[in-house]
Amino acid sequence: MCSSQEELRQLLQRWDKGSKIVRADILTEFITQCTNMTCSELEQHFSDCASLFLARITTWIRITYMVGTHLNLQLKGLSIFISSASGHRFLTEFLEVGGILTLLEIVGLSQTAEVNQFSGDATCFIGLPI
């Protein structure tokens with residue numbers, strides 16, 4: 001992905017100016033290339049600036065999780081950083097920006113959606129709004 005600082009700058013610029021489709025393509029490429037990488041391999045891959053890409057993934061999740069735009073893809077990308085061997089620094093960065101609260105909100109929304117779906121079905125049977 002980024003063998004030099006210039007390539008990294010171009011990638012991040014493409015991300016920053018890109019649409020959700022461009023970002024999804026970049027994230028898909030990242031997932032394909034970086035699954036099972038260690039922290040040091042991720043840093044090498046991103047010319048010692050992996051945190052810059054992690055920040056962009058985290059920000060994109062926080063901005064769009066309510067509408068679910070590419071949420072599965074975003075969470076897969078995030079998990080590469082957080083689950084990387086010796087990636088405690090990435091986990092710390094994620095926690096420091098309130099990432100755990102965002103994840104809890106996502107879980108809450110998915111549970112609410114399931115409850116609402118069930119409630120809608122239940123309303124048909126008993127004739128009362130829930």
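This is a short walk through the structure, from confidence to salt bridges to a surface patch.

The model is predicted. Its mean pLDDT over the chain is 86. A score of at least 70 is reached by 83% of the residues. Confidence peaks in helix α2, residues 20-34, with a mean of 97. It is lowest in helix α7, where the mean is 65. That helix spans residues 99-126. Residues 117-130 stay under 50 in pLDDT. For that stretch the model has five contacts beyond four places in sequence. Keep this in mind for α7, which returns below.

Now the charged pairs. The whole structure holds four salt bridges. Three of them are taken up here, beginning with helix α1.

Helix α1 covers residues 5-17. In it, the side chains of R9 and E6 form a salt bridge, with N and O 2.5 Å apart. The two residues are three positions apart in the helix, so about one helical turn separates them. How accessible are the two partners? R9 has a relative accessibility of 42%, so it counts as partly exposed. E6 has 38% and also falls in the partly exposed class, because that class runs from 20% to 50%.

Next comes R89, in helix α6. This helix runs over residues 88-96. R89 forms a salt bridge with E43, and the closest N and O atoms are 2.1 Å apart. This pair links distant parts of the chain. E43 sits in helix α3, residues 39-45, and the partners are 46 residues apart. Is each end of this bridge buried or partly exposed? R89 is partly exposed, at 38% relative accessible area. E43 is buried, because its 10% lies under the 20% cut-off.

R89 has another partner, E93. Their closest N and O atoms are 3.1 Å apart in a salt bridge. Here both residues belong to helix α6. They are four residues apart, about one turn of the helix. E93 is partly exposed, with a relative accessible area of 22%. Shared partners join E43, R89 and E93 into one salt-bridge network. R89 is the residue that bonds to E43 and to E93.

From charge, turn to nonpolar surface. Which residues make up the nonpolar patch? They are L91, L95, I100, L101 and L104. Together they have about 450 Å² of accessible area. Helices α6 and α7 each supply at least two of the patch residues. The largest share, three residues, comes from α7. Helix α6 thus appears again, because R89 and E93 lie in it too. Look at L104 as one member of the patch. L104 is found in helix α7. Its relative accessible area is 56%, so L104 is exposed, being over the 50% cut-off.

T102 gives another view of α7. This residue lies in the helix as well. Is T102 buried or exposed? At 6% relative accessibility, T102 counts as buried. Leaving out residues up to four places away in sequence, T102 touches I61, R62 and Y65. So α7 holds a buried residue, T102, and an exposed one, L104. Read the helix with its confidence in view: α7 has a mean pLDDT of 65.

Key
Residues numbered from 1 in each chain as written. Predicted model: local features only at pLDDT ≥ 70, side-chain atom pairs only at ≥ 80, totals over all residues. Heavy atoms only, no water. Patch = residues over 30% accessible without salt bridge, like charges linked within 9 Å, V, L, I, M, F, W, Y side chains within 5 Å. Areas by Shrake-Rupley, 256 points an atom, 1.4 Å probe, with all protein chains shown as cover. Buried < 20%, exposed > 50% of the residue type's maximum accessible area, 1.4 Å probe, protein only. pLDDT = per-residue confidence, 0-100. Contact = heavy atoms within 4.5 Å.
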